[in-house]
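Visitor: Could you take me through this chain and explain the grounds on which each label is given?

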Amino acid sequence: MKYLSIDLGLKRIGLAYSAHKDLVTPLPAIIRKNRNQASDEVKKAIKEWEIDAVVIGIPLGGSSEDEMRRRIAHFMNLVDFDGEVFYQDEAGSSLEAENMMKGEIKYIRDGRVDSISAMIILQRYLQTIKNK
């Protein structure tokens, strides 16, 4: 199974890839100009990496969960992906990513933190299916 993980943000979209259940690689983030451009770039990544399933980070159990599910569903509709889509709790993933990138680099808003968040989200998901 080849997975693409998405950390969907309003300014940047973090991406990570895994074709092997123990190895997850952050990909360059997408700087979001508008919905259509962002969904087209995600679509290109899905095609380029021959993705079977998408794992999307979502704040589970929070007051914004329903709203985020609606936004994610709309975004994935634009992406037009016909594979499986899984949701993974993203709680604390951005903070964890920033801690991994200690120092000056975390203040550069080029999407590296977002893609490391996507990597953490995908690692969590892969860990849950491994433990089943």
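Guide: What follows is a short conversation about the terms used for this chain and the values behind them.

Guide: This is a predicted model, in which local features need pLDDT of at least 70 and side-chain atom pairs count only at pLDDT 80 or more, while totals for chains, interfaces and linings use all residues. Residues are numbered from 1 along each chain as its sequence is written, and side-chain values use heavy atoms, with hydrogens and water left out.

Visitor: How many helices and strands does the chain have, and what makes a stretch count as one or the other?

Guide: Helices (H or I, at least four residues) and strands (E, at least two) are DSSP runs, numbered from the N terminus. The chain has four helices and five strands, and from the N terminus on they follow the order β-β-β-α-β-α-β-α-α.

Visitor: How do you know whether the radius of gyration agrees with that of a compact globule?

Guide: The radius is taken over C-alpha atoms, and the globule rule is 2.2 Å times the number of residues to the power 0.38. For 132 residues a compact globule would have a radius of gyration near 14 Å, and because the chain has 14 Å, the value agrees.

Visitor: Why is Q88 called buried?

Guide: Buried means under 20% relative accessible area, exposed over 50%, and partly exposed in between, with a 1.4 Å probe and protein chains only. Q88 has 10% relative accessibility, so Q88 counts as buried. Q88 lies in strand β5, and, leaving aside neighbours within four places in sequence, its contacts (heavy atoms within 4.5 Å) include V55, I56, G57, I58, I121 and Y125.

Visitor: What makes β4 a mostly covered strand?

Guide: In strand β4, residues 53-58, six of the six residues are buried. A53, V55 and G57 point one way from β4, whereas V54, I56 and I58 point the other way, and all are buried. Across the chain, buried residues make up 43% of the 132 residues.

Visitor: How do you know which strands pair with β4?

Guide: Two strands pair if DSSP finds at least two bridges between them. Strand β1, residues 3-8, pairs with β4 in the parallel sense over four bridges, with L4 standing opposite V54. Strand β5, residues 84-89, also pairs with β4 in the parallel sense, over six bridges, and here G57 stands opposite Q88.

Visitor: What share of the contacts join residues at least 24 apart in sequence?

Guide: Among contacts in the chain between residues at least 6 apart in sequence, that share is 63%.
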